[in-house]
Amino acid sequence: MNHEQVADRVIKYVGRDNLIAAAHCATRLRLVVKDEKKIDQAGLDNDADVKGTFSINGQYQIIIGPGDVDKVYDFLIQKTGLKGVTPDDLKNLASNGKKTNPLMAFVKVLSDIFVPLIPALVAGGLLMALNNVLTSPNLFGPTSVVQMYPGMKGVAELINLLASAPFAFMPVLIGFSATKRFGGNPYLGAAIGMAMVMPALVNGYDVANVMAAGKMTYWNVFGLKVAQAGYQGQVLPVLVVAWILANIEKWLHKRMPATLDFIFTPLIAVIITGLLTFIGVGPIMRIVSDGLTNGIVWLYNTTGFIGTAVFGTFYSPIVITGLHQSFPAIETQLLTNIAKTGGDFFFPIASMANAAQGAACLAIFFISKDEKQKGLASSAGLSALLGITEPAIFGVNLKLRYPFFCAMIASGIACIFIGIFHVLSSAMGAAGIIGFISFPPKYYLPFFISIAISIILGFTLTYVYGMKFDKVTTSKKVIQNDDKIINVADEMIAAPVSGELINLSDVNDQVFSAEIMGKGAAIKPNDGKVYAVADGTLTVAYETKHAYGIKTTDGTEVLIHLGLDTVNLKGKYFTTNIKQGDKVKKGDLLGTFDIPKLKEAGYDTTVMVVVTNTMSYGDVDKLNKTKIKAGDDIVALTELTPNYSAAAANV
C-alpha cells in the first residue's frame with residue numbers, strides 16, 4: 001500500500017474543504033466533516049485500499065486496516081494542515097450540541113475505563129493459560145509437564161505469579177483508569193485501589209467464609225465497627241469509590257487556596273474517600289457486586305444451551321450497536337471471581353460470532369466476480385477469523401445483508417454446543433480461531449468442535465444462498481460519469497423518449513425540481529413515442545394517459561410523467577397501449593403523446609423520469625449526456641452504503 005497516495009485519494013473523495021478534524025484508532029480513520037452528502041461514496045467504495053466506511057455519532061469512519069491507518073493518517077494531517085486530535089477529543093467535537101443516549105453514554109464510560117485495561121488482562125489471562133498447559137495432567141501424557149520435568153516447576157510458579165498479579169490487584173488498575181475517566185488524579189485512584197487490597201486486610205476471596213465463621217477483625221472508627229475486609233476480585237466497589245474520589249478532589253480544587261491545594265486536596269480527598277469506602281460504600285457495593293455476579297452465573301446455568309444460542313445469534317448485532325463495549329466490565333468480574341464463576345462465557349460466544357462472520361465473508365470471495373469485492377472479502381474474512389471483524393462486518397457482510405444474517409444463524413447453532421459443553425474461558429484474548437489459548441486445556445476439544453461448526457455453517461449458508469438468490473455473482477457495471485466513478489447496482493434506467501437530457505432541478509415545477517418525489521432526470525422530447533425504461537410491472541397507468549409507473553424486476557420504482565399539468569387535458573392528445581398490472585420489457589411501446597398539439601395548447605412537454613424509492617439507494621445519478629435516444633441509459637443507481645449506529649470494537 002502506498003500510504004501517501006491513499007491519503008491523497010481520501011482527501012479527494014471526502015473533500016479537503018469538507019474536513020473539520022481527524023483522528024485514528026487501530027483500524028480506522030475517524031473524521032468529522034461538514035457535510036457527509038459531499039463525500040464521494042462511490043469513489044471510496046471502489047478504492048482497493050479502503051476496506052469499508054460507516055458513519056456513527058457524527059463521525060465518518062474509513063477502515064484502512066491495522067499497520068497502515070496510522071501512516072495514512074500522518075500523510076492526511078500533513079497534506080490538509082488539520083490539527084491532529086485524540087479519538088476522545090474527536091468524539092467530543094462530533095457530539096458537540098447533540099443529545100446523548102443515556103444508555104450509550106453509560107456504555108461509553110465503561111468502555112473508556114476497561115478498554116485500556118484489556119492488554120494487562122489479556123497478558124495475565126494468557127499467562128494463566130500457559131500455566132494451565134504446564135500444570136494440567138493428561139494433556140501431553142498421564143501427568144503434567146511440571147511432573148514430567150521437575151525442573152520446569154520454578155518456571156511454572158513464576159508464570160503463575162505474573163498471571164495472577166493483574167487479577168489480584170485489579171482494584172489498583174481500575175482505580176487508576178476510572179479516576180482518570182471521572183476527571184480525578186489517577187494516581188490517587190491507584191492509591192485508594194491499593195488500600196482496598198492491602199495484605200493486612202482479610203483477602204477479598206475469603207471474606208464470606210471468614211464472616212460466616214465469625215472470625216472477621218474490625219476497626220473501631222468513631223465508635224463504628226468497621227470490618228477489615230479486602231476487595232480482591234471486586235469491580236463494582238472500586239468503580240463507585242473512584243467516582244466519589246474524583247468528585248471530592250474536583251470539589252476541593254475549586255475551593256482550596258492555590259497555596260494549600262497541592263498538599264491538602266490529595267490528603268483530604270484520600271481520607272474522606274477511604275473512610276467512606278470501608279465504612280459504607282465498599283460493603284454495600286460488595287453486596288450489589290456479588291448479587292450481580294451470582295445473577296449472571298445463575299442466568300447462564302439456568303438457560304444453558306438455549307441462552308448461549310440466543311446470545312450467540314445476536315452477538316454480532318449487539319456489536320453493531322456498540323453495547324458490547326460494556327462486556328469487558330462483566331467479563332472482568334467473572335474472571336476475577338473465577339473460583340466461583342468457573343470462567344467467562346462471553347469470550348467463547350464472541351469467538352463463535354466472529355468466526356461465523358469471517359467465514360461468511362470468505363464465502364463472498366468465492367461467489368463474487370467483482371475484483372474489489374473479492375480482494376476485500378479475502379483479507380477481511382481472514383481478519384475476522386482472527387478476531388478483528390470490522391472490515392468483514394462493515395465492508396462486506398452488512399452491505400450485502402444476507403452474509404451477516406447467515407453468520408448470525410451459524411453462530412447461534414455453534415453456541416448451542418458451547419452451552420452443552422459448558423465452555424468457559426479463563427482469560428481474555430483474540431476472539432476467533434486462535435482463541436483456544438484463552439481456555440483451560442479441558443475445553444480445547446469442544447471449542448474446536450464448536451468453532452468448526454460456526455465456520456462451516458457460516459460459509460455454507462452464505463455460499464448456497466448467494467449462488468442461488470443473489471446477483472453478486474455477476475460483475476457489476478462500473479461507469480465514469482465525468483470525474484465521479486459510479487458503481488451501478490445491477491441496472492440502469494433508460495430514457496423513455498428521445499430528446500435533450502436535462503437536470504431534474506431545471507424543470508419548471510417545484511415538486512419535480514426540488515426532488516420531493518425522488519431523484520432522476522428530465523428530457524426535452526423531440527419524439528412522441530414513450531417506451532418502457534426497464535423490465536418490470538406497470539404499477540401506474542392513469543386514465544388521463546399522461547403518466548406511467550413501473551416497478552422494475554430489481555425493485556426500482558420509476559415514475560414517467562409526460563409534460564407539466566397535462567392531467568388537466570384528461571387524456572386529450574395522449575394514447576396508451578397498456579394497462580395497470582401488465583408486464584413490460586425494456587423498449588416496449590407504452591403509448592404516445594402529440595408534442596406539437598401540446599405546445600400549441602400552451603403546455604410544457606418536458607418528460608420527467610423519477611426514481612420514487614430513491615431512499616433505497618445510496619445515490620441516484622443522472623448521466624452526463626445531452627442528446628439521447630429512447631432506450632439510452634440516463635440514470636445510474638448506486639449501491640446503498642449503510643450508515644450504522646455504532647461500530648464494532650473487536651480491535
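Two strands count as paired if DSSP finds at least two bridges between them. The model shown in these views is predicted.

**View A. An open sheet of eight strands, with antiparallel pairing.** The strand order is 16-12-13-14-18-10-9-20. Strand 16 (583–584) and strand 20 (627–628) are the edge strands. Each of these two pairs on one side only.

**View B. Strand 9 against the edge strand 20.** Strand 9 covers residues 499–502. Strands 9 and 20 run antiparallel and are joined by two bridges. Glu 500 has Lys 627 in strand 20 as its bridge partner. Strands of a sheet pair through backbone hydrogen bonds.

**View C. A nonpolar patch on the surface.** Its members are Phe 222, Leu 224, Leu 260, Phe 262, Ile 263, Phe 264, Leu 267, Ile 271, Ile 272, Leu 275, Leu 276 and Ile 279. Together they have about 1,200 Å² of accessible area. Helix 13 (residues 258–321) gives the largest share of the patch, 10 residues. Phe 264 lies in this helix. Phe 264 has a relative accessible area of 36%, so it counts as partly exposed.

**View D. Lys 79 and Asp 8, one salt bridge of the six in the structure.** The side chains meet at 3.3 Å, N to O. The pair links distant parts of the chain, 71 residues apart. Lys 79 sits in helix 3 (residues 69–80), and Asp 8 in helix 1 (residues 3–14). Lys 79 is partly exposed, at 24% relative accessible area. Asp 8 is also partly exposed, at 35%.

**View E. Arg 9 and Asp 49 in a salt bridge.** The N to O distance is 2.8 Å. This pair, too, links distant parts of the chain, 40 residues apart. Arg 9 belongs to helix 1. Asp 49 lies in the loop between helix 2 (41–45) and strand 3 (52–56). Arg 9 is partly exposed, with 24% relative accessibility.

**View F. Lys 586 and Asp 633 in a salt bridge.** Their side chains meet at 3.7 Å, N to O. The two residues are 47 residues apart and link distant parts of the chain. Lys 586 is in the loop between strand 16 and strand 17 (589–593). Asp 633 is in strand 21 (residues 633–638). Lys 586 is partly exposed, at 41% relative accessible area. Asp 633 has a relative accessible area of 17%, and buried means under 20%, so Asp 633 is buried.

**View G. A salt-bridge network of Glu 4, Asp 8 and Lys 79.** Salt bridges that share partners join these residues into one network.

Notes: Residues are numbered from 1 along each chain as its sequence is written. This is a predicted model: local features need pLDDT of at least 70, side-chain atom pairs count only at pLDDT 80 or more; totals for chains, interfaces and linings use all residues. Side-chain values use heavy atoms; hydrogens and water are left out. Helices (H or I, at least four residues) and strands (E, at least two) are DSSP runs, numbered from the N terminus. Patches are made of residues with over 30% relative accessible area and no salt bridge: like charges are joined within 9 Å, nonpolar side chains (Val, Leu, Ile, Met, Phe, Trp, Tyr) within 5 Å. Accessible areas come from the Shrake-Rupley method with a 1.4 Å probe; for residues, only the protein chains shown count as cover. A salt bridge is a side-chain nitrogen of Lys or Arg within 4 Å of a carboxyl oxygen of Asp or Glu. Buried means under 20% relative accessible area, exposed over 50%, partly exposed in between (1.4 Å probe, protein chains only).
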